[in-house]
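The exercises below ask you to read backbone geometry, burial and packing from a model of two protein chains. Please work through each task before turning to its solution.

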Amino acid sequence: MRIFRNLSILAVVFFVSTASAQNYDLPILEHVYENGLRLLVIERPGEDRVVSKIFTDMGALNETPGQYGAAHFLEHLMFKGTPTLGSLDWEREKEVHAQIRAAEDALIEELNRSRNDLRERGVFHDYQHSETTPRIDELRALIDSLNRQAQELSEEGPMKVWYQAYGGTRTTATTEQEYMKFDLDLPVDRVELFLRVEADRMQNSVFRNFDAERMVLVEQRLGDLNRAETEYREAMNSLVGRASMVYVPEGYSNDFQQYTRRYERELYETYFVPNNTTLIFIGGVTLENMIPKVDKYFGHMERAPEPARYQGREPLPSAEKRLNWRSNTLAPRVEVRYQIPGVGHPDRPLFDVLAEAFAAHLQSVVAEAGVDGSVDINTRVVHTSRFGVPASINIELLVDDSSQINKAEDTLLAELRRLGEEPLPADLVAQVRKKLRTEWYRTAVDPNALAFQIGHFEVMDSWRTLEPYLEARDAATADDLRLLAGKYFIAKNRSVGVVLPEGAQQ
Amino acid sequence: MRKLLLLAVLFATPSLAQVLAHPRDMGLPDSDYTRPDPVEYQLALENGLIAYVTEADQVPLVTMSAFIRAGRVSDEKQGAAESLQDALKNSGPSEMSGDDFKTSLKQMTAEFVVEMHEEWTEITLNVPAEDLDQALLIFVRLLRDPAISDANIERATGSVAPEANDLGGESGTALYEGSMNAAVDHFYEIIYKDHPYGRRPTTDEFNDLRVADVAEFHARYFVPGNMTIAVAGAIDVDEINGRLVDLFGDWAAADVPEVKQMPAITRSRAALHHFPSNKLQSWLVIGHDLPPAPLEEQAAFDVMDYIMGAYHMNTRMMRNTRYKYGYTNDASSFAEDRWYGPGGYTYRSYSRPEVIENIYENMMGELIRIRNEEVSDHEMFVAKGALADGDFQVRYLDGYALTRSLALERLRYGNHDRSASYVQRIRGVTKEDVLNAARKYLRPDSLQVILLGEEAFELE
């Protein structure tokens, strides 16, 4: 047992290493084609497989009111194949799709013409002059019938199936506020399959099974709404933001019915162009051998007019806002949110450190104050925790007993004030820096997670921002965090949410 | 003139100028992948302990895992396994206080997981490479000599006793989050009703339990020949092998406990079990037990399951619920085997209540069809490629996945024969094999149907 002799001593004298500049060693190689397509590669010689991703700089930020969730829906539609993938008889199928588009154009025309009859006028969604018109019913029936015809002429899963057949895994996709991406992990000697399918998807997608697929989104939305927290969080999001689309969820119930092929096609044709696209590969490939391969499938695409950038901008913070939420299923809590800058702003990396350090600190303060509860600090809005535009830091204190809510709020606000005046303990900040560094390594060890981070930073700002972002977190001091809190944690930048059981007094 | 027209078309729509070969005509190379040779990673100690070690230095992290053939059904004295799990998770090695143990984990920024399954336990510690010495010492000490006290028994009582896990009964409501988990829990409660896998210690049994019982359970099962180790990360393999010899070498060999073979399940007739819920969706679980498949049938079962519903997007189940009709976001199968007894084979979906019956009918239609008709050549081609060149390769994707897969295989089967022959066995599966697997492992007359949500249909 001699080997264990010093274990207790080790535990006691163990200390956190001091802050030091870390080498994150991200050997990202870049090639930009004449048409604007960006290729990023991390070479890992000898690896049998390669993680492959294609990022498009578009997402929920680019949607129109009434069509929320349309970007996410477009992602679903882009799994439905192309003329060469998924059709049993493209000539016949093409003709049916043309008829569907014509019928939908006529439907849109009729919906616009009847707008004053169909307009929802009730707060409780309870009054329209009429629900529909004979022409609308006729056109919808026609589209249903054409959908069935088209379905007979196509097969399902036309893209994934080939990925799977050739050893592809992680055949997923994601759409958030600022990006859409498609993923694949496949044997390295079959990487051309990814290029062939993605080039086809980018230019020739056929929106098959449009109306059935929209119901899949409804199911996903119902899944969200089954969680007691969803509607409260959405209310908090909209309390924080007034103009920015960051705060809007992936579709309200009315939106799903309003998606049109025409609108989806417009998003598709505007944003899925080479100069708005980044390809990322990590694994047993080299930049040198990928350049001609990518060129073979994407090189012929012409640079398109630069897609319109998102221009929503929050007005300057001007007043504290408050939400009182009554619920018997949601745990009682007080939550304070502040708007924070987006990735690319020099202050943004510090918020990662602040969130971790303040959470640990606040937990002990709350306990000392006699409030039974738990602290969670995050930067999540809808499903995403980092943005290239301003979003929010969310400081949540869940209490075991709703009668302690006032005390919890007083304690939280007092500690937030103190945060801008007194630095947090230096050893706590050092510990947090180490934690964030370790968490990053846990991300980077997984090529799929690493490729995502590279792509995400590219759409938020630039992939070149990633390494300085990590280094800035490593250099953060307790005094930096104090200054940060003093600058952002001010009353007029604050939104407060309080959750109490129905009937409880505050 | 025709040439001019063609040129005009090419210039007008440049994307159409590209002729894309169909994937099957791209000349993609056949796979020449071979599974890494276990011998290259293996360290066998004289006391019977076997470790798999490899360097993976992309980031300065190290992961170490221990796999022990001891789980919830292994204990003679009920509650001993659960109490030991608590000790491993919360108390740490006996020479440290629980607080020091937790402080050390926190200061190392460690990820520490203890998972106890029915027949085996996994302990994993992931730390920065700079903390390797400290972590390795704690890890080994924890395995060899965990601190066990009454507090562990008390905590285990609170988390395991039946009253803490009340699902609401057949007439109760399931209001809590994770309704699919609730439906699956109901399924297992039903199929394991009188089976050791369904047995949970009672409060009285915990009250009868003593620290000595838990220590005895540990002493019996946590022996070198009854566990395997995996270490991967930014390490020097020779150095780690030396450390493992130092740290484990003086652990005396002990008798390896005999494997407890679990009895088969007595199947019930097909039945519907309805559990009300007031959510916006309903959840459906259809299934029965899954007897252990002999080696010669495993590959055919995997192919059949892949075609039907194994958790991916291009299955028969997904096509006939989600894609064609938009009924649901997911309809998948879950083959959850056990090491030494019957597991569960379920098909799961969820939807708005008004279409849950359609989902049930379509899923049942597929369950019957796969037993009556041969699958297509195309389905076989896709499933074999996906299993042999996709899922199988991913098991050995990186250093940790590799050592973990090898360590688990060795512990469960005592050798690496299954993984050595897996690709060949998958390639050799015929359509007839798939039909036979479906007829043997999918039994409509025994399906238990769990409906969590609004009442929607009756069994025919």
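## Exercise 1: A:Arg170 and its surroundings

With a relative accessible area of 37%, A:Arg170 is partly exposed, a class that lies between buried (under 20% relative accessible area) and exposed (over 50%), computed with a 1.4 Å probe and the protein chains only. This is a predicted model, in which local features need pLDDT of at least 70 and side-chain atom pairs count only at pLDDT 80 or more, while totals for chains, interfaces and linings use all residues. Residues are numbered from 1 along each chain as its sequence is written, chains are lettered from A and ligands numbered from 1 in the order in which they are written, and side-chain values use heavy atoms, with hydrogens and water left out.

**Task.** Locate A:Arg170 in the secondary structure, describe its phi, and determine which residues A:Asn448 contacts.

**Solution.** Begin with the place in the chain: A:Arg170 sits in the loop between α6 (160-165) and β4 (173-175) of chain A, where helices (H or I, at least four residues) and strands (E, at least two) are DSSP runs numbered from the N terminus. Next, take the backbone: the phi of A:Arg170 is near 50°, a positive value in a residue other than glycine. Finally, turn to A:Asn448, which belongs to helix α16 of chain A and counts as buried because its relative accessibility is 15%. When neighbours within four places in sequence are left aside, A:Asn448 is in contact (heavy atoms within 4.5 Å) with A:Val51, A:Lys53 and A:Arg170.

## Exercise 2: Two further loop residues of chain A

**Task.** Decide whether A:Val382 is buried, partly exposed or exposed, and do likewise for A:Thr465.

**Solution.** A:Val382 is placed in the loop between β9 (373-378) and β10 (391-399) of chain A, and its phi is positive, at about 55°, although the residue is not a glycine. Its relative accessibility is 21%, so A:Val382 counts as partly exposed. A:Thr465 lies in the loop between α16 (447-460) and α17 (466-475), and with 15% relative accessibility it counts as buried. Not counting residues up to four places away in sequence, A:Thr465 touches A:Val343, A:Gly344 and A:Phe457.

## Exercise 3: Packing in chain B

**Task.** Establish what surrounds B:Phe67, and then find which elements cover the buried residues of α15(B).

**Solution.** B:Phe67 is part of strand β3 (residues 61-68) of chain B, and it is buried, with a relative accessible area of 0%. Beyond its neighbours within four places in sequence, the contacts of B:Phe67 include B:Trp120, B:Asn226, B:Met227, B:Tyr400, B:Arg404 and B:Leu411. The C-alpha atoms of B:Phe67 and B:Val39, which are 28 residues apart along the chain, are separated by 18 Å.

For the helix, first list its buried members: in α15 (residues 417-427) of chain B these are B:Arg418, B:Ser419, B:Ser421, B:Tyr422, B:Arg425 and B:Ile426. Their cover includes α10 (295-308), α13 (377-394) and α14 (399-413) of chain B.

## Exercise 4: Whole-chain descriptors

**Task.** Explain how the radius of gyration of chain A relates to the globule rule, and then collect the general descriptors of chain A and chain B.

**Solution.** The rule is 2.2 Å times the number of residues to the power 0.38, with the radius taken over C-alpha atoms. For 506 residues a compact globule would have a radius of gyration near 23 Å, and the 26 Å of chain A agrees with this. Chain A has 18 helices and eleven strands, and its C-alpha atoms fill a box of roughly 75 × 65 × 45 Å along the principal axes. Buried residues make up 58% of chain A.

Chain B contains 16 helices and eleven strands, its C-alpha box is roughly 90 × 55 × 40 Å along the principal axes, and 56% of its 460 residues are buried.

**Task.** Assess how confident the prediction of chain A is.

**Solution.** The mean pLDDT of chain A (the predictor's confidence in each residue, from 0 to 100) is 93, and 95% of its residues reach 70 or more. Over residues 1-21 of chain A, however, the pLDDT is below 50, and this stretch has 42 contacts in the model beyond near neighbours in sequence. Where pLDDT is low, the predicted coordinates should not be read in detail.
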